[in-house]
Amino acid sequence: MDLASALEKKLKRQIAARKAAEGLLEQKSLELFEANQQLELALRQLEKRSNANIRRIEFQEQIDNLLIDFGRAFLRNDLDDVMLSELTTNVTNSYLIEASRLILPPKLIPQLHTYDYGDETVEVLEQDIQEPHWQDDLLTVPLEVEKVIVGALIVRVRLLDQDYEFIQSQLLLVTDLICSALTHQLAINRNIESRKRAEESERATRDFVAMINHELRTPLNGLLGSAELISDTELNSSQREIVNNLSQSGEFLRTIINDLLDYSKINAGMLDLIPKKFALHDLRNTIESIFVNRAIEKQLEFNISVASNVPSHFQGDLERITQLFVNLIGNAIKFTEEGHVNVDIEWDKNQFVFSVEDTGVGIAESAHKTLFEPFTQADNSSSRNYEGTGLGLAICRKLVALMNGDIGVTSVVGSGTTFTISIPLQVVDVPAESDSVAKGFESEAELSLLKVLVVDDIKMNQIIIQQMLRKHEIEPAIASNGVEGFELALDNEYDIVFMDCRMPVMDGFEATEKLREKGYVKSIVALTAGTTLEERERCIQCGMDDILSKPYTANDLKEMLKKWGVSAVKVA
């Protein structure tokens with residue numbers, strides 16, 4: 001009985017233990033299931049986040065590459081339609097961007113032929129957008145150039161699990177690139193336009209200076225030439241006084257015209273140096289021929305002294321160096337009533353140094369600062385005693401600067417003034433003896449043997465040169481335009497042709513070119529009022545041998561005959 005009771009109790013305990021174990025197992029199974037469920041959920045969430053991060057990284061890399069590639073393209077090339085079209089298309093290379101469209105205002109950039117790029121199905125908002133704007137899956141990013149909204153980039157986005165701010169921040173980088181490219185291209189266009197306007201202005205200035213140079217010098221040639229021819233005739237004292245006044249007024253007018261034109265050419269960048277070999281004694285002779293009589297008329301002592309170490313021959317622009325002397329000595333004589341004007345020439349440290357010292361009125365210290373300014377004189381009052389443009393010293397300073405030299409002044413009011421100029425010049429060897437012998441071999445008698453053709457459209461100029469040539473017993477043939485000159489030169493044996501450059505029907509440049517093309521080998525000398533380097537070069541390039549600038553003197557004409565005509569007679 002007791003055994004059976006004990007076994008029953010044991011069995012009950014076993015059954016209870018088994019049920020407890022089954023209950024625990026069921027609870028653990030449930031917990032394990034729930035844990036598995038949570039793990040699966042976590043895995044799904046992790047996978048989702050991983051895919052989002054991958055897309056995010058891919059999108060960021062794609063934008064970075066786009067910025068690098070097109071940034072380089074914008075810097076290397078002008079902005080064009082192909083570049084903007086490719087940029088707009090490449091924005092859609094990412095899975096996150098479904099479509100894109102770039103809108104610009106017409107004619108913002110002249111190089112662009114359209115103003116709408118990308119997918120035209122992407123909707124454009126009607127209202128003005130000042131900030132990035134979302135409308136459902138459309139993001140509109142405005143383009144701001146020079147503080148003005150000029151267009152927009154619109155994209156259709158697959159948002160999926162991406163945040164708005166990230167996509168917007170990346171596309172802002174793209175629009176910044178586009179805005180930078182537009183700004184850069186606008187700046188380039190403005191620079192090109194400014195340069196074009198400057199070039200057009202410079203060209204207009206050059207054309208005007210060349211035109212006014214020709215129009216002023218041409219009638220001046222008639223005036224001075226006529227005065228010179230009249231002075232060689234028999235005149236009574238009253239007539240000679242009138243002719244002298246005419247000549248002096250003409251020379252004064254020439255000085256004014258030269259000053260105005262030279263200063264205009266300097267400011268227009270048209271004044272160029274024309275260096276050539278020259279002798280110091282030629283420079284000195286020119287100066288003396290101009291100023292000795294002027295000094296005698298004012299009863300002034302005029303001296304030129306040359307230091308013993310000064311070389312005899314140089315390479316430089318003789319015409320412009322002479323102009324420096326003429327301006328300074330002319331001023332010295334003009335402002336000196338008694339005493340002297342001394343010119344000292346020295347050679348110091350490879351510099352050609354000369355000073356012009358006078359005992360004239362002097363210059364006040366207060367006037368030194370503006371002395372080299374254009375249209376300025378020490379006395380600018382309406383009652384001043386000395387006439388002039390006030391351009392001479394301004395031109396001297398410009399010329400000296402062009403020659404890489406220096407100019408200075410010292411002065412005492414009532415005692416006098418000294419101007420000093422130093423310019424670097426290249427010393428050259430003395431010409432061979434044969435050269436000077438050849439010059440001396442020429443004779444006056446030979447000039448009368450020359451056959452000369454003059455081609456000029458202005459009747460006054462024809463008369464002037466005709467009368468000057470008759471002094472040497474030369475009766476020239478006359479042509480009134482390039483066509484007539486061309487035909488006469490081909491049909492006759494002329495030793496020298498004087499060819500005007502600017503003429504109707506055919507100008508002198510074209511006539512000379514045609515003559516050279518036909519094998520014409522005799523001397524052709526340009527008759528021109530143009531003094532620019534460009535026109536001088538054009539004369540030589542078309543086949544002319546030399547240039548006789550208007551207004552010219554009978555002596556200038558004679559030198560051309562001796563230089564280019566006599567040699568032809570000897571060879572023949």
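## Strands 10, 11 and 12

Strand 11 (residues 406-412) pairs with strand 12 in the antiparallel sense, over seven bridges. This is a predicted model, by the way. Within that pairing, Gly 408 sits opposite Thr 420 of strand 12. The two strands make a hairpin, with three residues between them. Look at Gly 414 in the turn: its phi is positive, at about 85 degrees.

Strand 12 (residues 416-424) also has strand 10 (residues 351-358) as an antiparallel partner, and eight bridges join them. Here Asp 358 is the residue that faces Thr 417 in strand 12.

## Around Asp 500

Now to Asp 500, which belongs to strand 16 (residues 496-500). An unreviewed UniProt entry puts the feature "modified residue: 4-aspartylphosphate" at Asp 500.

In the model Asp 500 counts as buried because its relative accessible area is 2%, and the cut-off for buried is under 20%. Setting aside neighbours within four places in sequence, Asp 500 touches two aspartates, Asp 456 and Asp 457, along with Val 455, Gly 508, Leu 527 and Lys 550.

## The second largest pocket

The second largest pocket holds about 300 Å³ of space. Its lining comes to 17 residues, and Leu 125, Gln 127, Asp 128, Gly 151 and Ala 152 are the ones nearest the centre. Strand 4 (138-145) and strand 5 (148-157) are the elements that give two or more residues to this lining. Strand 5 gives the most, with five residues.

As for chemistry, the lining splits into eleven nonpolar, four polar and two charged residues.

Methods. Residues numbered from 1 in each chain as written. Predicted model: local features only at pLDDT ≥ 70, side-chain atom pairs only at ≥ 80, totals over all residues. Heavy atoms only, no water. 1 Å grid on protein atoms, 1.4 Å probe; cavity = no way out; pocket = protein on both sides within 12 Å on 5 of 7 lines; lining within 4 Å. Points joined across faces, edges and corners; volume = space filled by probe spheres on them. Helix = DSSP H or I, 4+ residues; strand = E, 2+ residues; numbered from the N terminus. Nonpolar A, V, L, I, M, F, W, Y, C, P; charged D, E, K, R; others polar. UniProt positions renumbered as here; feature names shortened; annotations may be inferred. Buried < 20%, exposed > 50% of the residue type's maximum accessible area, 1.4 Å probe, protein only. Contact = heavy atoms within 4.5 Å. Pairing = 2+ DSSP bridges.
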